[in-house]
Each structure stands twice: as structure tokens, then as C-alpha cells.
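Ready for a few exercises? Look over the structure below, try each task yourself, and then follow the worked solution.

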Amino acid sequence: MTLSLERGVPFSRLTTIGTGGPARALARPRTVPELEEALRLARGEAMDVFVVGLGSNVVAADEGVDALVVRLEGELAVVEARDSLLEAGGGASNAACLHRARAAGLGGFEFACAIPGTAGGGVFMNAGAYGRDWSDVLVRALVVTADGESWMTPAELGLAYRHSELTAEQVVARVEYRLEPRPEAEIRALVADLVERRKDTQPTNRRTFGSVFKNPPGELGAGRMIELCGLKGHRIGGAVISPRHANFIENADGATSADCLALMAEARRRVREQFGVELEREVVFVGGVELP
Ligand SMILES: Cc1cc2nc3c(=O)[nH]c(=O)nc-3n(C[C@H](O)[C@H](O)[C@H](O)COP(=O)(O)OP(=O)(O)OC[C@H]3O[C@@H](n4cnc5c(N)ncnc54)[C@H](O)[C@@H]3O)c2cc1C
């Protein structure tokens, strides 16, 4: 075993919301063989696996998570441009990908400028904004399991609205994005415009986990419905429904995951009563977390 494991690292340090208890073990593989080794170790010890990117769409149990948590680093977080392809490790941040693409004069990834995740998290969630998502730019992803590795296309990954068919044991180790030539200045201007639009409508300098619920079909988004239920600014413990956008929960002051879940349950109940709509969560739960 060349890979060392850290014990008891709290999820509050691994997630953007800053809540959650200790992980049983954390591995930081830097290469595909190290990643395979971690996955085989988990299988050998009958441990669940949970890959964490930037933890920007995750709520973890306050009691802790009985799993091997995997975070991709080193080679598995490197980004390179080759012709019109951007090749990135699954652990590469979207910011690093965008930076590399811009330096290479490649456009098409600007939509991800305000999505604070990684390449692998983007594939798993089929993340998106401004009418585009991962399926628009992804050529293929290298998916690693304890049994080996294979390249998968967006169709094979089953990418749909904030959804993929990936399971927890399938880790995206590398991705290839197809981009298009675009002058650096144009990319900068587009990103600046998108970031400004974001600042006007969403909390950008608060601890959150991004969108709480998926937008249901129809004209009213989840945030608007929660707002019409009068829940903007509603607080439970240290968590508050964002006064800026009601589909965000902010860690206002020492929030726990239980506080966030209680707010989610309240929002879901009120929307069901007022609109007859059952909101479906977008955020990922780990560690036996359930909505009360
Ligand atoms: C302020 C803010 C704004 C946001 N805005 C948007 C937005 O506009 N659009 C949007 O879609 N999302 C948005 N999000 C949510 C989040 O950033 C995205 O879902 C993002 O793609 C998650 O990436 P991550 O690397 O942080 O994954 P995590 O949150 O760490 O994990 C999410 C899921 O992906 C899995 N996963 C992570 N890495 C891998 C991997 N390498 N292989 C396989 N599975 C993996 C995890 O196991 C988990 O199930 C926002 C979040 C915040 C905090």
C-alpha cells in the first residue's frame, strides 16, 4: 500500500457549506494506479466509497461518514490544452480549467465560471448554467473502478438535467472537453458579464452548497416557489434560507447539517402545500443523511 490514509478528517473541511462530521478515512490518490489501489482497498474492507470534489453540492451527516472518502490530487487534478481539446484530471477545479482554456484561446467553458466544483463533480452532476451543461462540452470521461478503467461518452454516462448514471464506485479520473477557438479578450468579457449577472441574483460570498432543489418542469423555479412561501431569510439554528435567492441555504453562523436538512424539509413541505409540487433535491447526501 503506497497510499496513506488520513483518519477522522471532518466533512466541514471538505464541503463549501462547512458542515458534517468525520470521514472514516480519506485517501488523496495522485495517479490512476493509486486511485485503483484505494478503490480495491475499500472493496477488500467492504467500505463504502465517496469521492469528493470541492464538496460544493454535498451535505454530510453530522455524526460522520463511515466510508473511504477519495479526493483526487496531483496528476488527477492537472489541466492541459491540446488543439481544441482541454484535458483535465477529475479533481481539476473548474476555475483551473477555465483559466487554462482562456490562456489557450479556447472558448465554450465560460458557462462554468460560477460553478465552484471540479471536472469529476461536473460530470457526476451534469452541472450547468446559462442554458449549457457538461454534456455540451464533454467528449469522454475516464471512469475508474476497483476492476479497472474505461472511457465513457456522455451518452454512456446517461447525462441529463443535473443527473448522470454514475454510481458511487465509479470515479471520473480524467475528462476531455471539446472547445472552440475564441480570443482571450472575448472570453474575459463573457466571464465578467456572467459573474456580474450571478452577483445580482445569487449569494456569491456566503457558505452554501449551491442549488438545494432541482427546478421542476413548468414556469416557476424552485427558488421562486420557496420565496412565494415567504421563506426567504427563514432561519433554523445556524442555517438560513438565503435572502438573495431562496433555492440556496447559507451557513450563517455555526450551522450543522441537521439545521440545513430541517430548512430543506420545511421548504419542501410548504411548497407541497402551496403549489402541490414535490421538490426533488439537487444536493447530494452522504452518511445516511435523510430529509426528516
Ligand atoms: C455558490 C455555488 C454556486 C453553484 N452554482 C451552480 C450552478 O450554477 N450550476 C450547477 O450545476 N451547480 C452549481 N453548484 C453546485 C456544484 O458546484 C456543482 O454541482 C458541481 O459540479 C459539484 O462539483 P464538486 O466537484 O464540488 O462535487 P462535490 O460537490 O464534491 O460532489 C458532488 C457529487 O459528485 C460526485 N463526484 C465528485 N467528484 C467526482 C469524481 N471525480 N468522480 C465521480 N463522482 C464525483 C460526488 O461523489 C457527489 O456525489 C453551485 C455550488 C455553489 C456552492
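**Exercise 1.** Sort the lining of the second largest pocket by residue class.

*Solution.* In this predicted model, begin with the list of lining residues: Phe-124, Met-125, Arg-162, His-163, Ser-164, Leu-166, Lys-214, Arg-281, Glu-282, Val-283, Val-284 and Phe-285. Helix 3 (119-125) and strand 18 (284-286) are the elements that each give two or more residues to this lining. Now sort by class: six residues are nonpolar, two are polar and four are charged. The space they line has a volume of about 200 Å³.

**Exercise 2.** Find out which residues have the most contacts inside the largest nonpolar core.

*Solution.* This core has 46 residues, and the ones with the most contacts inside it are Phe-11, Phe-109, Trp-134, Leu-157, Val-175 and Tyr-177. Take Leu-157 as a sample: leaving aside residues up to four places away in sequence, Leu-157 touches Val-123, Leu-138, Ala-141, Val-143, Met-152, Ser-164, Glu-165 and Leu-166. Next, look for another core apart from the largest one: that core has 27 residues, including Ala-222, Ile-241, Leu-261 and Leu-279.

**Exercise 3.** Explain why Cys-260 forms no bond with the closest cysteine sulfur.

*Solution.* First, recall the cut-off: a disulfide needs two cysteine sulfur atoms within 2.5 Å. Then check the distance: the closest cysteine sulfur to that of Cys-260 belongs to Cys-229 and is 19 Å away, so a bond is out of reach. The count of disulfides is therefore zero by this rule. Finally, are the two cysteines buried or exposed? Cys-229 is buried, because its relative accessibility is 6%, and Cys-260 is buried too, at 0%.

Technical notes: Residues numbered from 1 in each chain as written. Predicted model: local features only at pLDDT ≥ 70, side-chain atom pairs only at ≥ 80, totals over all residues. Heavy atoms only, no water. Buried < 20%, exposed > 50% of the residue type's maximum accessible area, 1.4 Å probe, protein only. 1 Å grid on protein atoms, 1.4 Å probe; cavity = no way out; pocket = protein on both sides within 12 Å on 5 of 7 lines; lining within 4 Å. Points joined across faces, edges and corners; volume = space filled by probe spheres on them. Helix = DSSP H or I, 4+ residues; strand = E, 2+ residues; numbered from the N terminus. Nonpolar A, V, L, I, M, F, W, Y, C, P; charged D, E, K, R; others polar. Core = buried A, V, L, I, M, F, W, Y, C linked by side-chain atoms within 4.5 Å. Contact = heavy atoms within 4.5 Å.
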